[in-house]
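Work through the exercises below with the model open. Try each task before reading its solution.

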Amino acid sequence: MNRLLIYFSNRPLVGLGIVLALSIAFALKLPDLQIRVSAEEMLVQHDEEHRFYDRTRRLFGDEQVILIYLQSPRLLEEKKLTALKKVLKEVESLPFVDRVESLFTIPWVKTVNGYLDKKPYLEKLPKTPEEERKILEEARKNPFLRHVLISPDRDIMAAAVILKPGQRHDDKTITSALDAAVAKLRKFYDPAFAIGFPEVRSEIVHRIQEEQVHLFPLAIGALLIALFLLLRQLIDILLPLLSAGFSILWTLGFMAYAGIPLNVVTSIVPILLVIVGSTEDIHLLSEFRQGQREGLANREALRQMAKRMGTIVLLTFVTTYLGFLSVGLSRISVLWQFGLVSSTGLLFNFLATIILIPSVLSLAGKWQLDGKAKIYGEKSRHLARAYWSFLRRHRQGIILLFLGATAISLAGIPRIHINHNAIDSLGDDSPVRKRIALVNENLAGLETLSIVVESGIEDTFLKVRYLEELAKIQAFIKKKGWSRSTTSFADYLSLLNGAFQELDEPIMPESDDAVTELMIFLKQDEVRSYVNKDFSEARILVRHDIDSSEKLEQVLNELQSFIDNHLDPGLRAHITGDSVLTFLATHAMISGQFESIALLLVIIVLIIGVLFTEVRVGLLATLPNIFPVFVMFGFMGFMDIPLNIGTTMAAAIAIGIAVDDTLHFMLRYNRELKASKSHAAAMQQTIYSEALPVVSTSLALVAGFLVFTQASFPPIVQFGMLGALVILVALFADFIITPLAISSLRLVTIWDLLSLQLRKQILEKSLLFEDLHPWQIRQFILSGSIQQFDQGDLVFRQGDESNELYLLLTGKVEVCLPAEKGECDKLEQFSPGDVFGDVALFAGIPRKTDARAVEPSTVLVLNRETIERNLRHRPRISARIFANLTKDLSQRLIRMINKQQATGIRTRRR
Amino acid sequence: MRPFLLAMLMASLAWTVEAAAGEPENTPWFTAPYTGEKVKSYEITLPLSRYEEETFVIPRDCKKLNSRLLEGAGHWGNRVQRRLWIKADDDCRYLNYLNKNPRKAEKDFVSDYDFFNARLADLPLRPGCDLYLLLRDPTACPDPLPGMPDFSMLMMHQEHPGIPTEIPGADPQQCRFRNGVFRGHIFFVDDSLQCEEDHRAPGYRILSVDYADVNGDGYLDAVLRMSLIGTHGRPELLVLPLTRFAPEGKFSLPQGADYPRFGPTDEGWLP
C-alpha cells in the first residue's frame, strides 16, 4: 500500500491517466443503467418457497391485479357505464394488458327458464334505477365479486386489470397509460383511480429520482462543511469530492455492466460514497499536512503520509468494505445487490483515493497553506492529558454507566417489531398509499396469499368431501376476520349449484354426482385460477389488507396450525403467495442482519487480533463497536422504529464505518507507545492526535447520515437516523471505552521493541529458543519486559527473592559470589543469547549470587508469573522451552564439573 | 373479378339455405355443455382413447356417437369427460325417443294444453301411480321409473304434524306450475288437493315440452323435460311423457313408452 501511494506520488500523470481511462470506460456504459423497482427483488430468491410460488403461479396464474377503483352515488347509471365500457375497452387494448375483469365481463351465473345463463352482469346496461339496484344486489352475492370488485355496502366498484403473464412490463408505461384512461372517468366517478403494485413501484422510482436530485446536493453540502471546518484548504476540500465523484461514476457504470438497477436501496449508494468515502481522504490529507507543518517538502510529506497511513488506510478500508459487503449476505435480492454495489463502490472510492490523493498532491499540494495549526497547540495537549486523567479516575463509574446503558438498550430489543412491506415504504402522505387505504377500507385489499391444497389423486376436488375441506379453511379465515374475500373452486361450484337450484345464494353441491353434473356446464379454463386440470390440486385465494409483518406472521402461524390439525389426512396444504414470500423475506432479513453483524465482528476480532497478535485485543476492539449496536437496537425498540429493508442495513454498515475510528485509535496508540514506551504518555498523545480527525470524520459521517433523514421513504429516513446514532455512539465509545480497554493491555509488544537484528541474531539463536519458530518465540516473550543496565549495575543481588529469569540481549553480565570487602568471586560470565537467574528461580530459593553488568547491557526479563501462564496456555512451547532450559542448565553443570575437575587436578598436582 | 365475387355470393347463399334446411323443425332444445345455454345443436369433443379425441355435433352426429359408444369409447377420459359422454348420449337418446315412431299421430289432445302452467291435479304426480292413491297411501304406489320426476317429494302426508288442516281461501285450482315452476308442498284436506307454495322449498322446473307419438298409438304425446330445483336439486334432466285421450281431463303415462336410459343401443337411429 505504501509503495502504491509513493508510486502515484512519483508518477502523478500515470495515476490521472488511469482515473481518466476508467471514467471513460464506465461512462460509456451509463446509458444502460436502469431505474427499476421490482417486487421480486424484495423477496428471497431461489429458495424452495419461491420455486413453489413460481410453480403455483404457472399453474393457477398470477394473484395480483391492478384495480380501477370507482366511486359514485349511482354506480350503474347508464351514461356512466357507457363511459366506463369505452374506457375499459381502451384499457383492454393496451399492449401489456391480458384482460380486464369487471361487471361487463364477470358472468352472472343464473338460470333463465331453467337454462344456464352466464352472461355478464352488465351484458345489457340497466335503464332504470330499479334495474341498477337489482344488478348490484345480485353482484354483491357473488363471492368472486363481493369485496373484490364491488363493495357490499357502499357505492364503490372496481375493474381488475390483469397484465400479460411472463413478460416484464415497464411500470411507468403501465401507470401512465392507466392513469390517462381513468382520467376520462373522473367526471362520472369520484374518486376514480388505478391502483396496484406497478403504481407502488412507479411512485418509488419517481421518488428515487427526486431524492437523488435533492439529497445528493445535501450530502455534498454536508461533506463540504465538514471538509471546510476540518481542512480549510481548497485542494483538500476538492480532493474528497473528486474521489467521491469518480467512484460514483465508476459504481454506476459497474451497475450498468452488472445489470443491477438503481432501486430503493441501491439508490442510496452514491450518497453513501460521498459520505463514507471521504473519511480516508481526510486521514491521508491530515497526515500530509502534518508532514508539511513539520517542515517536510511535498515529496517527503507524501512519503511520510504513505509510510504512516498506508497500512491504516488499507485496514480501515478493508473493515468498512467488509461492513458493506456483509449486507450482501442477505438472501433478499435488493440487499445483496446493495451489498455488492456499495462494497464495490467503496473499493472504487479507495482506488480513486489512493490514486488521486498522491497524484494531485504531488502536482498541486505545495500551493496549500497550513490552516489549522491552532488546533494542535499546547492547550489541546493539556486537555488530552486532563481528559485521560479524568477517564482513569472515574474508570469504575464509567464502566458502570456503560453497563447500565447496555442493560437499558437490551431491554428495548424485545420491543422491536418488524415490517417488510413495500407499501409502507411510501409513507403516510403518499397519494398511492392513500389510494391503497381506500381499497383496504372498502374492498378486500391488494395483498394476497394462496393456500394450495393437493392430494396427488385425480378428481379429488370433484368430491364434496374435499370441497368441504376447502370451505372449512375458508370459513376459519372468515371467522378469524383475517380476510373479507377468500375464493376457491368450492365457491364456483356453489355459485353454479345455487343457480341451478334457483336459490338466492350459492350453495355447496350435496353429492359427488351433483358435482359431476355441474361440471358439464363448466370449462376448466373458467376455473383454472382455482383448480388444476386433473382436479388433484386446488387453490384458495385470500385477499387481505394485513400490512404488518408481525400480524402476518401470526396469521400464517395460526393458519398453518389449523391446517395441520384439521385438514383431511389425505390432503396436503401449502401456504404460499406474495404475502408469504414477503414474510419469509422478513425472516431472511433478520437472520441476514445478525449474520452480517456477527461476521463483521468476527472479522474485526481477527484483523485486530492478528495485528496485535492477541485475540483479546481484537475482542476488546469490538467493545466500542458492539455497544453502539446495542444502543441502536434499544433505540429502535423504544422509539418504535421497525426492522425493515432500510434499518436492517444500518448496524452492519455503521459498524464497518465505526470500526475505522477504533483502528485509527489503536494503531496510533501502538505507534505512540513504541515511541514513548509509557502507556499514559502514549494514550495522552493518541487522544491528542486522534481527537481531531476521528471527531471530525465522525461528525462528517453523522451529518452525512442525517442527510438521509430528509428522504421521503421512512426506511431510508430511519436508516439515516440509526446510522448517525451508531456513528455518534461509536465516537463516544471510541474515546471512552477504547482508551480504558486498551490501557489495560500491552498493545505494543516487546517484540515490537526489539530490533530485527536482535531478533534474528540473538533470540532465534539463543539456546533457550532452540527448535522454536519465530512466532512461538514471539508468543513466549510477549509478556516479558526489557531492562537496560549500565556498566557495574547489579541485575540482582545475593539474598534477593528469585522471581525472574533473564535473557541477555546485549552486553555482558557476570555472576559472582560476594566476598569480603565488596569483592566478588566470579563464577560465570554471560554473553548475548545466554540465560541466567534460572537456577534460584526454579529452586524457589533466594538468590545465591550477584549478577552485575560488565558493560552496558540489555536484558529481557521473564517473571515467574509469565512463565507459569505460558505453561498453562502454551504447553507445547513451554515444554520446548523447559527442555532447552534443562539442556542449558546441564551444559552449565558440565562446564562447572569440568571446571571443578580441572581445579581438583591442579590442587592434587600441587 | 366480378363473376368470381358473384359465384362466391351464390355459394354462400346456397350454403346458408342448406344449413337452415338441415336443422329440422322438430329438433328439441338442448342444454349446451360448458355454457348451459339453450341450443338446437352443440359441438362436443370427447376422448376416444388416451391420446385421441373426436368432435361431435349433436344431434347431427348422434349415430357416430352411438358407434363410438358401442366400441367402448365412453369409458375414456376423466370423471367429467365420462359424464359428458353420458350427456351427449342422453341428448341423442331423447331425440331418438321423440322420433322413434315416424307415423304422424292422428289425434291430438295435448298440444293445446299449457304445460308451463299445468294444474297439479292434471298430472300423474308420480308417474305410473294414481294421484289419490299416491297421496293417501304412497306405499301402494310403484317406484317411479328411473330418469322421471318423483313428485312425492312435494307431498306432505296426513300424519305429518306440521300439515295445515286448511288453507283459508285456498283454491285447489290454483295448485299449478307457474311459468314452468312449482315449489312448495301438496297435501289433501277432506279429499281435496291443496298446496302451499314456498319459493324456498324444493320443486320442479319444466324446461321444455316436445310433442311426438312416442308409443305409436295414434295419440300425440307431450314429453316434458324437467329438473329438480331448490335444496337437493341438481341439473340432471328428468323426462316425463304424458298423454290423454280426451280434450279435458287428467294426463297419464303413455303405455309402452318407457324412456331408454344410458348405454349403447342398436335401436334404429335417425339418419
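Three exercises follow, on a predicted model.

**Exercise 1. The chain A side of the interface**

Task: State how many residues of chain A and of chain B are in contact, then describe the side of chain A that touches chain B.

Solution:
- Start with the counts. Chain A brings 23 residues, and they are in contact with 25 residues of chain B.
- Next, look for the elements. Strand E4 (115-117) and helix H17 (512-519) of chain A each supply at least two residues of this side.
- Then rank the contributions. H17(A) gives the largest share, five residues.
- Finish with the classes. This side of chain A has 11 nonpolar, four polar and eight charged residues.

**Exercise 2. The setting of Ser152(B)**

Task: Locate Ser152(B) in chain B. Is Ser152(B) buried, exposed or partly exposed?

Solution:
- Place the residue. Ser152(B) sits in the loop between helix H4 (131-136) and strand E5 (181-189) of chain B.
- Count the neighbours. Ser152(B) has 17 other C-beta atoms within 10 Å.
- Apply the cut-offs. Buried needs 20 or more, and exposed needs 12 or fewer. Ser152(B) is therefore partly exposed.
- Add a distance. Ile206(B) is 54 residues from Ser152(B) along the chain, and their C-alpha atoms are separated by 17 Å.

**Exercise 3. Two domains of chain B**

Task: Give the domain bounds of chain B. How many residues does each domain bring to the contact?

Solution:
- Set the bounds. Domain 1 of chain B covers 24-99, and domain 2 covers 115-242.
- Count both sides. Domain 1 of chain B brings six residues to the contact, and domain 2 of chain B brings six residues.
- Sort the domain 1 side by class. Five residues are nonpolar, one is polar and none is charged.

Definitions and conventions: Residues numbered from 1 in each chain as written. Chains lettered and ligands numbered in written order. Predicted model: local features only at pLDDT ≥ 70, side-chain atom pairs only at ≥ 80, totals over all residues. Contact = placed C-beta atoms within 7 Å. Helix = DSSP H or I, 4+ residues; strand = E, 2+ residues; numbered from the N terminus. Nonpolar A, V, L, I, M, F, W, Y, C, P; charged D, E, K, R; others polar. Domains from an automatic or database assignment.
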